[in-house]
Amino acid sequence: MTALLTGALALAASAAPAHSLLLAATPAPGATLPAAPPRLTLRFNNRMETALSALRLVHPGGTARTLPLVPSAGPDQLTANLPALPAGSYRVEWQVLSTDGHIVRGSFPFQIGR
């Protein structure tokens, strides 16, 4: 009986959805670009609840701006249009609601010019 219960618990744990992990981004984390791309796109390892997700851009000097999300190519992506950005160091901050019900946050830097 104990072996059966242990097996059932292991199977349930392996079938549970995982936290969202950032797989790719444009611009790429740590990238130095000659000019700002027109769009910011983040792709995750699973679908997320877009209505409860957010993207922010932190400008040089620390001013943060929430970026409105635009419809993306898939349920595993967040996309936002970027304004014209002058040269400098920027940070993307993201927050998503994972399919497992947990809120996951992260950030990464990129540079324009320099």
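Trainee: Which order do the strands of the open sheet have, and what kind of pairing?

Mentor: The open sheet has five strands in the order 2-9-8-4-5, and the pairing is mixed. This is a predicted model, in which local features need pLDDT of at least 70 and side-chain atom pairs count only at pLDDT 80 or more, while totals for chains, interfaces and linings use all residues. Residues are numbered from 1 along each chain as its sequence is written, and side-chain values use heavy atoms, with hydrogens and water left out.

Trainee: What makes up the secondary structure of the protein?

Mentor: There are one helix and nine strands, running α-β-β-β-β-β-β-β-β-β from the N terminus. Helices (H or I, at least four residues) and strands (E, at least two) are DSSP runs, numbered from the N terminus.

Trainee: What makes strand 2 and strand 5 edge strands?

Mentor: Strand 2 (32-33) and strand 5 (64-67) each pair on one side only. Two strands pair if DSSP finds at least two bridges between them.

Trainee: How do you know that strand 8 pairs with strand 9?

Mentor: Set the count against that rule: ten bridges join strand 8 to strand 9, and the two run antiparallel, so they pair, since at least two bridges are needed. Val 96 has Val 104 in strand 9 as its bridge partner, and Ser 89 stands opposite Gln 111 in strand 9. The hairpin of these strands has five residues between them, and Gly 101 takes a positive phi near 90° there.

Trainee: What joins strand 4 to strand 8?

Mentor: Five bridges join them, again antiparallel. Leu 55 has Trp 94 in strand 8 as its bridge partner.

Trainee: Why is the pair of Phe 44 and Trp 94 called edge-to-face?

Mentor: Rings of Phe, Tyr and Trp (its six-membered ring) pair if their centres lie within 6.5 Å; planes under 30 degrees apart count as stacked, over 60 as edge-to-face and the rest as tilted. By this rule there are two aromatic pairs. The rings of Phe 44 and Trp 94 have centres 5.0 Å apart and planes at 70°, so this pair is edge-to-face. Phe 44 lies in strand 3 and Trp 94 in strand 8 (residues 88-97), 50 residues apart.

Trainee: Why is the pair of Tyr 90 and Phe 110 called stacked?

Mentor: Here the centres are 5.6 Å apart and the planes of Tyr 90 and Phe 110 are at 20°, so the pair is stacked. Tyr 90 is in strand 8 and Phe 110 in strand 9 (residues 103-112), so the pair ties together parts 20 residues apart in sequence.

Trainee: Why is Tyr 90 called buried?

Mentor: Buried means under 20% relative accessible area, exposed over 50%, partly exposed in between (1.4 Å probe, protein chains only). Tyr 90 has 3%, so it is buried; Phe 110, with 2%, is buried too. Buried residues make up 31% of the 114 residues in the protein.

Trainee: Which residues have the most contacts inside the largest nonpolar core?

Mentor: They are Leu 42, Leu 55, Leu 57, Val 92 and Trp 94, in a core of 20 residues. Strand 3, strand 4, strand 7 (77-81), strand 8 and strand 9 each give two or more residues to this core. A nonpolar core is a set of buried Ala, Val, Leu, Ile, Met, Phe, Trp, Tyr and Cys residues joined through side-chain atoms within 4.5 Å.

Trainee: How do you know that Arg 56 forms a salt bridge with Glu 93?

Mentor: A salt bridge is a side-chain nitrogen of Lys or Arg within 4 Å of a carboxyl oxygen of Asp or Glu. The closest N and O atoms of Arg 56 and Glu 93 are 2.8 Å apart, which fits. Arg 56 in strand 4 and Glu 93 in strand 8 are 37 residues apart. Glu 93 also meets Arg 91 in a salt bridge, at 2.7 Å from N to O, so Arg 56, Arg 91 and Glu 93 are linked in a network of salt bridges.

Trainee: Why is Arg 56 called partly exposed?

Mentor: The relative accessible area of Arg 56 is 34%, between the two cut-offs, so the residue is partly exposed. Arg 91, at 35%, counts as partly exposed as well.
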